[in-house]
Amino acid sequence: GPRMSRILGGLRAVQHPRRSSPFARALCSSLAPKDPYAVLGLQPKASANDVKLAYYHLAIASSQSNSSAPDAQERFNEVGRAYSAISGEPFSLGDSSAVPHASASGESPLQQAPFVRAYPGWVHRLGEYLERVPQRLDLWLMPSWSSVIYHHLRAGELAQALHTLQEMKDEGETPTHAVYEMMIRGCTIAMRRVGPGQQPDHLTSNLLKKVLELWADMHQQGRTADYWTYNELIRAFGKAGAIPQAMELFERMCGNVRLLPEERALNSMYELCVLSGNYAYALQVFEEHEELRKSLWKPRYTPVSFSLLLTATARAGPDLPKRLNELPRVLKLMQRHGIFPRAEACHNLLSACIAADNMAVAAKVVAMIDRSGQAVDTELLQRVRGAIALAEQSSNQASTKQLGGGR
């Protein structure tokens with residue numbers, strides 16, 4: 001019937017990505033910059049849904065993460081202005097600097113560790129083969145709406161996935177909560193992460209609005225959001241820089257037995273707080289994590305959790321002295337789990353202690369370095385040991401004076 005022909009047509013478009021679509025032809029054509037409909041490759045009588053689909057397709061295709069063209073940023077802004085002129089949505093340039101946001105010293109908030117395979121090569125090859133099995137079945141069997149949406153999202157075709165979702169609803173079928181989860185994840189992947197002090201660009205802002213529309217529609221359709229859908233929404237808030245909203249959603253999860261966060265949601269919260277520069281929020285998540293550990297739920301810590309917590313406690317900032325006081329608790333937990341910071345992390349922790357003039361915490365860091373045997377810069381380590389000795393000497397002298405005064 002017509003429904004299956006549209007599904008098969010969508011699937012064939014995924015299997016043959018080289019076929020040009022109207023949106024792709026619009027991207028390559030010469031457009032009149034002053035006519036917003038022409039910029040989007042549309043006729044003036046185009047529907048609101050067609051405008052949105054064209055905008056998403058062109059904005060994603062011209063974003064710096066997907067296009068290496070020298071005029072990509074100019075084209076990206078042109079598409080955003082055209083959509084704003086038609087829809088009335090506010091336009092934002094955002095920040096074009098790359099994220100994770102670099103500190104004043106030029107360091108990235110997180111250092112990427114070298115890739116190491118967790119399992120032998122044959123395990124990875126077997127996993128790749130098993131992943132292809134359902135894809136082959138989709139070619140042999142009659143494809144479903146959710147299957148077509150999945151293939152579009154896997155191919156990075158968010159606009160086509162949104163169009164298929166609308167067709168699915170027009171045919172009278174109610175999407176499952178798994179479909180909504182896939183769509184929210186697809187929108188999140190297409191966003192540009194907002195770093196410290198940055199504002200979201202027009203695509204990220206509009207995609208976050210689309211995520212909230214999907215969330216509201218899911219509830220309107222009678223689909224109950226589960227733990228995984230909540231986690232995807234948290235990631236969307238975090239990538240768009242909406243940290244207070246993410247914290248509110250996280251607290252809602254902590255208060256619902258059915259949605260209690262485990263390490264995946266907790267690590268998502270640590271990551272979005274650290275990459276956005278909201279280190280105090282990360283330590284609030286740490287407090288919630290500790291409270292959950294006292295219950296029967298006991299969500300575990302992972303090396304990723306500790307890496308992000310170390311960054312949250314020691315990253316430079318006006319509130320560094322206050323945050324640094326939480327470092328001994330983190331180090332104690334790491335020791336209990338048999339995890340030690342890398343040499344680079346130890347160097348950063350010692351530098352933070354010197355900057356905050358907190359030799360009591362520095363002594364804890366030095367003790368962990370001695371236990372782990374990390375090869376930290378000798379000159380820095382000697383400097384810190386000397387500062388610790390002077391602090392202890394001053395403390396002893398002050399205690400002696402107090403005892404003498406008491407007599």
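**Exercise 1. Work out whether Tyr270 is buried or exposed, and find how far Val285 lies from Tyr270 in space.**

*Solution.* Start with accessibility: Tyr270 has a relative accessible area of 0%, so this residue is buried. Keep in mind that the model is a predicted one. Next, place the residue: Tyr270 belongs to helix H13, which covers residues 263-275. Finally, compare sequence with space: Tyr270 and Val285 are separated by 15 residues along the chain, and their C-alpha atoms are 7.0 Å apart.

**Exercise 2. Check whether the length of helix H18 agrees or disagrees with its residue count, and then find where its buried residues fall around the axis.**

*Solution.* Helix H18 runs over residues 343-356, which makes 14 residues. The expected span is 1.5 Å times one less than the number of residues. For H18 this gives 20 Å, and the end C-alpha atoms are indeed 20 Å apart, so the two values agree.

Now list the buried residues of H18: Cys346, Leu349, Leu350, Ala352, Cys353 and Ala356. Viewed down the axis of H18, these buried residues stay within an arc of 155 degrees, and therefore they line one face of the helix. As a check on one of them, Cys346 has 1% relative accessibility and counts as buried.

**Exercise 3. Name the residue that follows H18 and describe its phi, then do likewise for Lys298.**

*Solution.* Begin with the expectation: most residues other than glycine have a negative phi. Asp357 comes after H18, and its phi is positive, near 55 degrees. Asp357 sits in the loop between H18 and helix H19 (359-372). With 64% relative accessibility, Asp357 counts as exposed.

Lys298 is not a glycine either, yet its phi is positive, about 50 degrees. Its loop lies between helix H14 (279-293) and helix H15 (303-314). At 46% relative accessibility, Lys298 is partly exposed.

**Exercise 4. Count the salt bridges in the whole structure, then trace which parts of the chain Lys169 and Asp217 link.**

*Solution.* The search of the whole structure gives 17 salt bridges. One of the pairs is Lys169 with Asp217, whose closest N and O atoms are 3.0 Å apart. This pair links distant parts of the chain, with Lys169 in helix H8 (residues 158-170) and Asp217 in helix H10 (residues 202-220), 48 residues apart. For the surroundings, take each partner in turn: Lys169 is partly exposed at 28% relative accessibility, while Asp217 is buried at 13%.

**Exercise 5. Identify the residues that are linked with Arg185 and Arg235 in a network of salt bridges.**

*Solution.* Take the pairs one by one. Arg185 bridges to Glu181, with 2.9 Å between the closest N and O atoms. Both lie in helix H9 (residues 177-190), and because they are 4 residues apart, about one helical turn separates them. Arg185 is partly exposed at 29% relative accessibility, and Glu181 is buried at 13%.

Arg235 and Glu232 also meet in a salt bridge, at 3.6 Å from N to O. These two are 3 residues apart in helix H11 (residues 227-239), about one turn of the helix. Here Arg235 is partly exposed at 37% relative accessibility, and Glu232 is buried at 6%.

Put together, Glu181, Arg185, Glu232 and Arg235 are linked in a network of salt bridges.

**Exercise 6. Find which residues make the nonpolar surface patch of about 520 Å².**

*Solution.* The patch is made by Trp122, Leu126, Tyr129, Leu130 and Val133. To locate one of its members, look at helix H6 (residues 121-140), where Leu130 is found.

Terms used
Residues numbered from 1 in each chain as written. Predicted model: local features only at pLDDT ≥ 70, side-chain atom pairs only at ≥ 80, totals over all residues. Heavy atoms only, no water. Patch = residues over 30% accessible without salt bridge, like charges linked within 9 Å, V, L, I, M, F, W, Y side chains within 5 Å. Areas by Shrake-Rupley, 256 points an atom, 1.4 Å probe, with all protein chains shown as cover. Salt bridge = Lys/Arg side-chain N within 4 Å of Asp/Glu carboxyl O. Buried < 20%, exposed > 50% of the residue type's maximum accessible area, 1.4 Å probe, protein only. Arc of directions from axis to C-beta.
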